[in-house]
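Colleague: Got a minute to go through this model with me? I'd like to start with the sheet.

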Amino acid sequence: MHRRLPAEWEPQDAVLLAWPHPASDWRDHLAETERVYVELIRTIVRFQRVVLIVPAAAPVRERLRLAGVDPDRVVFCPMATNDTWARDFGPITILENGRPVLLDFGFNGWGLKFAADLDNRITANLAAMGVFDGCEVRIPGLILEGGSIESDGAGTLLTTSACLLSPNRNPHLDRKDIEHILADLLGIRRFLWLEHGFLAG
């Protein structure tokens, strides 16, 4: 069995985004953030589809239509979210013998800092809606957000000890345990750990 975690710059089918709302991090700048999202989506759909998680589809669809966005390039997925950080709570795609498999890691609001009950269900909800075109979804049983790892697509993983070894994520696992699990799940052969990876905010 050959597993590989692709690099972010490799070809992809779609970009997953979650629309900002009044309860998200953008509450104090919501109008400006929504305008940025419109421009972001307008740019992305020139190259590939957008899977868009929205509180309600109709008003966002109309806003994008008025901005000249082709609605056929956007998959609208109405569901509630805690926030908008889709890279962290969405699925992580691996290639298993060349076939995409989606890993639904647990998301706990960056080590129990924020509520994540809704966001943690997003991948399962999208799968139930048929968004992933029948791709297999697996639940590894590990807390891991997508933004905590980077890969070159050739078996190297870059991460931080502050994140992956946080006692609020997987307290029962040490560095060797996590390396063993991720080597198996993601096809990783080389780990690069940053020991001082904290960035405020």
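Modeller: Sure! Here 4 strands make an open sheet, ordered E1-E5-E6-E7, with mixed pairing. Strands are DSSP runs of E with at least two residues, numbered from the N terminus, and two of them pair if DSSP finds at least two bridges between them.

Colleague: Which are the edge strands?

Modeller: Strand E1 (3–4) and strand E7 (136–138), each pairing on one side only. This is a predicted model, where local features need pLDDT of at least 70 and side-chain atom pairs count only at pLDDT 80 or more, while totals for chains, interfaces and linings use all residues. Residues are numbered from 1 along each chain as its sequence is written, and side-chain values use heavy atoms, leaving out hydrogens and water.

Colleague: In what sense do E1 and E5 pair?

Modeller: Antiparallel, over 2 bridges, with strand E5 covering residues 92–96. Arginine 3 has glutamate 96 in E5 as its bridge partner.

Colleague: Switching topic, how many helices and strands does the chain have?

Modeller: There are 7 helices and 10 strands; helices are DSSP runs of H or I with at least four residues.

Colleague: And how much of the chain is buried?

Modeller: Buried residues are 44% of the 201, where buried means under 20% relative accessible area with a 1.4 Å probe, counting protein chains only.

Colleague: What about contacts between residues at least 6 apart in sequence?

Modeller: Of those, 71% join residues at least 24 apart, a contact being heavy atoms within 4.5 Å.

Colleague: Last one: what box do the C-alpha atoms fill?

Modeller: Roughly 50 × 40 × 25 Å along the principal axes.

Note on methods. Buried < 20%, exposed > 50% of the residue type's maximum accessible area, 1.4 Å probe, protein only.
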